[in-house]
Amino acid sequence: MKRIKILAIVGSLRKDSYNRQLALAAKKILDNRVDFSILEYQDVPLMNEDIEFPAPEAVRRVREEVKSADGIWFFTPEYNHFFSGVLKNLIDWLSRPISDEEQNVLWGKPAAISGASLGMSGTGLAQDHLVTLISFLNMDVMNVPRVVIPNVMEQLDSDGRLALKESYPFLEEQANAFVDFIEKRIMCREKVASGN
Ligand code: FNR
């Protein structure tokens with residue numbers, strides 16, 4: 001089987017985002033097993049149907065990156081018990097069909113979700129809203145296990161970086177489960193394609 005590609009989408013644009021640090025920790029866990037990259041999308045404009053066709057260059061680029069990934073791992077912050085506006089904007093662009101022949105690039109794509117927040121909910125509420133959205137778009141969501149990190153300030157080292165004390169084993173478990181989840185999907189597709 002070819003090396004699996006996982007694309008992380010972080011719902012925070014903040015330079016020192018804990019969710020970005022969480023994505024980097026997941027990358028470190030999986031680096032020897034898969035190609036793991038983080039999608040950069042700061043340059044994607046606000047959705048406006050007036051500029052939808054032809055798609056802006058940044059939109060074309062992110063669509064290609066999503067299309068070539070075997071799985072998408074969302075790392076979401078929680079803003080007012082919801083996921084962030086920048087993530088919704090990105091998903092709105094990704095949700096649009098590319099042409100009469102092609103579905104949107106998220107269709108059927110395996111997805112995992114994790115998140116860290118300052119508060120008690122640990123992004124659980126944001127994650128549930130995100131599941132509603134990406135299920136509507138027919139992503140193939142791995143609902144269990146999910147990683148929810150409340151009170152993230154309690155898991156920082158002395159430099160204020162995410163040290164992931166208690167949560168590390170859960171992240172490791174989710175990372176391995178997601179690779180298995182993707183591999184099963186690929187094997188099923190190959191079986192169907194070969195007619196066996
Ligand atoms: C927050 N934060 C927050 N935290 C939480 O646990 N529940 C919430 O509903 C909210 N709401 C919220 C709204 C807005 C507009 C902001 C900017 C922040 C705090 C949030 O968890 C904290 O800023 C995280 O550090 C954001 O994630 P990143 O940027 O570190 O990945």
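This briefing walks through two pockets and one helix of the structure above. The model is a predicted one. Its largest pocket has a volume of about 220 Å³, and the second largest has about 160 Å³. Helix H4, which covers residues 124-136, rounds off the tour.

**The largest pocket**
- For a look inside, start with Pro77, Glu78, Ala116, Ser117 and Leu118, which lie nearest the centre of the largest pocket.
- These five belong to a lining of 14 residues.
- Sorted by class, that lining has six nonpolar, six polar and two charged residues.

**The second largest pocket**
- Here the lining consists of Gln21, Leu24, Ala25, Lys28, Ile29, Leu162, Ala163, Leu164 and Tyr168.
- Helix H1 (residues 18-30) supplies five of the lining residues, the largest share.
- By class, seven residues of this lining are nonpolar, one is polar and one is charged.

**Helix H4**
- With 13 residues at 1.5 Å a residue, H4 should span 18 Å, and this agrees with the 19 Å between its end C-alpha atoms.
- Buried residues of H4 are Gly124, Ala126, Gln127, Leu130, Val131, Leu133 and Ile134.
- A helix pattern worth keeping in mind here: an α-helix has 3.6 residues a turn, so residues three or four places apart point the same way.
- The partners of the buried H4 residues are helix H3 (85-94) and four strands: S3 (71-75), S4 (110-116), S5 (140-141) and S6 (147-149).
- After H4 comes asparagine 138, with a positive phi near 65°.

How values were computed
Residues numbered from 1 in each chain as written. Predicted model: local features only at pLDDT ≥ 70, side-chain atom pairs only at ≥ 80, totals over all residues. Heavy atoms only, no water. 1 Å grid on protein atoms, 1.4 Å probe; cavity = no way out; pocket = protein on both sides within 12 Å on 5 of 7 lines; lining within 4 Å. Points joined across faces, edges and corners; volume = space filled by probe spheres on them. Nonpolar A, V, L, I, M, F, W, Y, C, P; charged D, E, K, R; others polar. Helix = DSSP H or I, 4+ residues; strand = E, 2+ residues; numbered from the N terminus. Expected span 1.5 Å × (residues − 1). Buried < 20%, exposed > 50% of the residue type's maximum accessible area, 1.4 Å probe, protein only. Contact = heavy atoms within 4.5 Å.
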